[in-house]
Amino acid sequence: MNSHEIGRELTAITMGMDAFERRQPADRSLMGGEGLVPIYLGASSLERRHYDDIETVKADLAALGEKIDALPEGPRKVFLSGMLASLRVAAKMLAGASPSFEEKVIDLVGAPAGREDPAVIEDARSRLDVLLRQSGFVNGTLGERVAAWEEARAVPTEKVETVFRELMGAAKARTDAMIFDTGDYDMVLNPVRGMFYTARCSFNDGKMDLNFDLSFTRAALKHLVCHEVFPGHSTQLLSTKAAFEAGEAPADALLITTDAITGCVQEGIGDQGVHLIDFVEDADDEIHIELRRVRSAAQTSAAWMLMVEGVGREDVANYLRNTAMGQEAWVQGRLRMAAHPFRGPFISSYWAGNECVRKVRERVTPDQRGGFIKALYSYANSPASLSMFPQIAA
């Protein structure tokens, strides 16, 4: 089998696993009823496998592994091998096993194990300190100055939707010109409360869920619009579907939202969104970028502390409060996510994905940009396969 045929089989197996999980009773659902692939745009294009038991899934994955092993070396094989390892961990969990947090981070998510390097976090905090001072926030500790900046720049609740619409229009125009023409696609704002996440792309409903337990600066709203919609998750969904339907991409391009190694690159595209469409406009954007780097790296360390090192929940919460300087609703949401048996390790996907996409983006030459955008927006990738650019895992 060639890699496209393998990709089609991989997709059929993955979606069979997704359907199997969705049929489980609520008290046995690992994924809260959202399945292994929360958003899938290939239902009318491909038949999925039907599974009544996980042993059949494991047998199909083993057979698929032999076909992947026979492929020539390169980013395509790297991606498919990583995706196979990821699905094998998911299958273990669907069978009732409890892999270690470390195994889930490495094999299910495709992220590095362990805490993030404290020196990286301190470097981002130092950059943040300089930027805040340059913007006039000079009194108090770094955490107090972050809080003062967030309070001073907070968008009033009654104006959030107006700012959201403005940012959506600007981000869409840039995305259509620089990334992919999204046509008449739009997404409305959907305020929610009590969620572990800050925002979420509810693509099938045409909504961007936004956690109103938090306050938002304009820079934070811009990041979330870019992460969830233009040029982030919604754009990637539309573009990979178009590439598959045009015969330019294998079927597994439709698996970009799978809770597997594809998630790292998906989150990386979102977190690099403002850079991908050159939408960094002012000092507030620069402050938010460094603040987000601090928080993304720190939440990765916090999850490891909580789930592997056995650090007490309140001590981890204090670490997030002091090091990441997060609002309390954010702190509690991160802790809830980290403790989730399936979603917990995916807290690492944000930092790992951002760093993967950032490093490739920063070394891409102007004449390579078209190929880079194609790699990001036409194909499914893992951090390992994307890092091999300008080779493309197609």
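## Helix H14 and its surroundings

The buried residues of helix H14 are Trp330, Val331, Gly333, Arg334, Leu335, Met337 and Ala338, as found in this structure, which is a predicted model. These buried residues pack against helix H4 (101–109), helix H12 (283–307), helix H13 (313–324) and helix H15 (348–363). H14 covers residues 328–339, and because each residue should add 1.5 Å, its 12 residues should span 16 Å, which agrees with the 17 Å between its end C-alpha atoms.

One residue of helix H12 that takes part in these surroundings is Gln299. Gln299 has a relative accessible area of 5% and is therefore buried. Leaving aside its neighbours within four places in sequence, Gln299 is in contact with Trp330 and Arg334, and also with Leu320, Ile347 and Tyr350.

In the loop between H13 and H14 lies Met325, whose phi is near 55°, a positive value in a residue other than glycine. Met325 has a relative accessibility of 6%, so it counts as buried.

## Helix H9 and the residue Gln266

Helix H9 runs over residues 233–245, and since 1.5 Å is expected for each residue, its 13 residues should span 18 Å, which agrees with the 18 Å that separates its end C-alpha atoms. In H9 the buried residues are His233, Ser234, Thr235, Gln236, Leu237, Ser239, Thr240, Ala243 and Phe244. What covers the buried residues of H9 includes helix H1 (3–22), helix H7 (160–178), strand E2 (199–202), helix H8 (218–228), helix H10 (262–271) and helix H16 (369–378). After H9 comes Gly247, which has a positive phi, near 80°.

Gln266, which lies in helix H10, has a relative accessible area of 8% and is therefore buried. With its neighbours within four places in sequence left aside, Gln266 is in contact with His233 and Gln236, as well as with Ile256 and Thr257. Gln266 and Arg358 are 92 residues apart in sequence, while their C-alpha atoms are 12 Å apart in space.

## The crossing of H1 and H3

The axes of H1 and helix H3 (residues 75–94) come within 11 Å and cross at roughly 20°, and the two helices are therefore roughly parallel to each other. The crossing of H1 and H3 is left-handed.

On the side of H1, the contact is made by Ser3, His4, Ile6, Gly7, Leu10, Thr14, Met17 and Glu21, while on the side of H3 it is made by Arg76, Leu80, Met83, Leu87, Ala90, Ala91 and Leu94. Sorted by class, the residues in the contact of H1 with H3 are 9 nonpolar, 4 polar and 2 charged.

## Backbone features in the loops

Most residues other than glycine have a negative phi, and most peptide bonds are trans. Where, against that background, are the cis peptide bonds that join Phe230 to Pro231 and Phe389 to Pro390? Pro231 has its place in the loop between H8 and H9, and the bond from Phe230 to Pro231 has an omega near 10°. Pro390 is found in the segment after helix H17 (383–386), and for the bond between Phe389 and Pro390 omega is about 20°.

Asp278 has a phi near 50°, a positive value in a residue other than glycine, and is found in the loop between helix H11 (273–276) and H12. Is Asp278 buried or exposed? Asp278 has a relative accessible area of 54%, and exposed means over 50%, so Asp278 is exposed.

Note on methods:
Residues numbered from 1 in each chain as written. Predicted model: local features only at pLDDT ≥ 70, side-chain atom pairs only at ≥ 80, totals over all residues. Heavy atoms only, no water. Helix = DSSP H or I, 4+ residues; strand = E, 2+ residues; numbered from the N terminus. Expected span 1.5 Å × (residues − 1). Buried < 20%, exposed > 50% of the residue type's maximum accessible area, 1.4 Å probe, protein only. Contact = heavy atoms within 4.5 Å. Axes fitted to C-alpha atoms, helices over the stretch in contact; angles between N-to-C directions. Parallel < 35°, antiparallel > 145°, perpendicular 65-115°, else oblique. Left-handed = near helix turned anticlockwise from the far one by under 90°. Nonpolar A, V, L, I, M, F, W, Y, C, P; charged D, E, K, R; others polar.
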